[in-house]
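Here is a short briefing on one protein model. Please look over the sequence and fold before reading on.

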Amino acid sequence: MRRREFITLAGAAATTWSPLKAVRAEERGIKIVVLGDVLTSGYYLPVGRRFPDRLEFALKAKGQSVTVVGASNSTDTAARGLARLNRSVPEDTDAVILELGAIDMLYAVQPTITRTSLAAILQNLKARRIAVLLCGAAPHTKLDDEQKTAFTAMFSGLASEYDVLFYPAFDDAFVNDAQLKEIGDFKPNAAGTEAVVAHILPKVEALIDQARHRAR
């Protein structure tokens, strides 16, 4: 092949390849960390059936290039989540699903105390330019009416103040259905976890869009 012909073909190949490279760069993998408590830890479920596993599976089935990492501790209050934040959410994180507060309600922690810890987490993630989906939870039955109202207002108020995506109650898909919960408990079983994924998926896709368009 003549040298001039080789250069011409090489140039054509480069022209064909460049748009493809641009598309692949735009669709880079997104890393989501789930920072939560018992509602998202799924420690009692087999590996592969827990919330982060099922969420990643559902997202990939829709063509998303994503990794979902579970960083939930079943007994964590919001304060405990704050204490381990930088260890649990490493620097290569693009987005966080923040689900803390259910254990606070179980332990009857004052909403103002929970709010202080969640606000500190949100401030940290905002400073690191990490996209956030804040999840509330249905008020625990052991709370009185005033406490229930305070917790509900706390979650929505934080979402507005820090301008993050908001899912009002992580447990809305199973909280009133005994067949979707562990027997005698408020945690989701495998079927309940699948129900959560189906409900929350559009919000998580919006979270991924935010992460892709946020300069880090």
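The points below cover the sheet, the helices packed on it and one buried residue.

This is a predicted model. Its open sheet has five strands in the order 2-1-3-4-5, paired in parallel. Asp76 sits in a loop that follows strand 2 and leads to helix 4 (78-83).

**Sheet**

- The edges are formed by strand 2 (66-70) and strand 5 (165-167), each of which pairs on one side only.
- From one strand to the next, the twist averages 20°.
- Strand 1 (residues 30-36) runs parallel to strand 2, and five bridges join them.
- Val33 has Val69 in strand 2 as its bridge partner.

**Helices on the sheet**

- Helix 3 (residues 51-61) lies across strand 1, strand 2 and strand 3 (95-99). The angle between helix 3 and strand 2 is about 170°.
- Helix 8 (residues 145-162) also packs on the sheet, where it touches strand 4 (131-135) and strand 5. The direction of helix 8 makes about 165° with that of strand 4.

**Asp76**

- Is Asp76 buried or exposed? Asp76 counts as buried because its relative accessibility is 5%, and the cut-off for buried is under 20%.
- The side chain of Asp76 makes a polar contact of 2.5 Å with the side chain of Arg84.
- Leaving aside residues up to four places away in sequence, Asp76 touches Gly36, Asp37, Gly81, Arg84, Leu100 and Ile103.
- Arg84 is thus named twice: in the polar contact and among the residues that Asp76 touches.

Methods: Residues numbered from 1 in each chain as written. Predicted model: local features only at pLDDT ≥ 70, side-chain atom pairs only at ≥ 80, totals over all residues. Heavy atoms only, no water. Pairing = 2+ DSSP bridges. Helix = DSSP H or I, 4+ residues; strand = E, 2+ residues; numbered from the N terminus. Axes fitted to C-alpha atoms, helices over the stretch in contact; angles between N-to-C directions. Contact = heavy atoms within 4.5 Å. Buried < 20%, exposed > 50% of the residue type's maximum accessible area, 1.4 Å probe, protein only. Polar contact = N/O pair within 3.5 Å; in protein donor to acceptor, adjacent residues only side chain to side chain.
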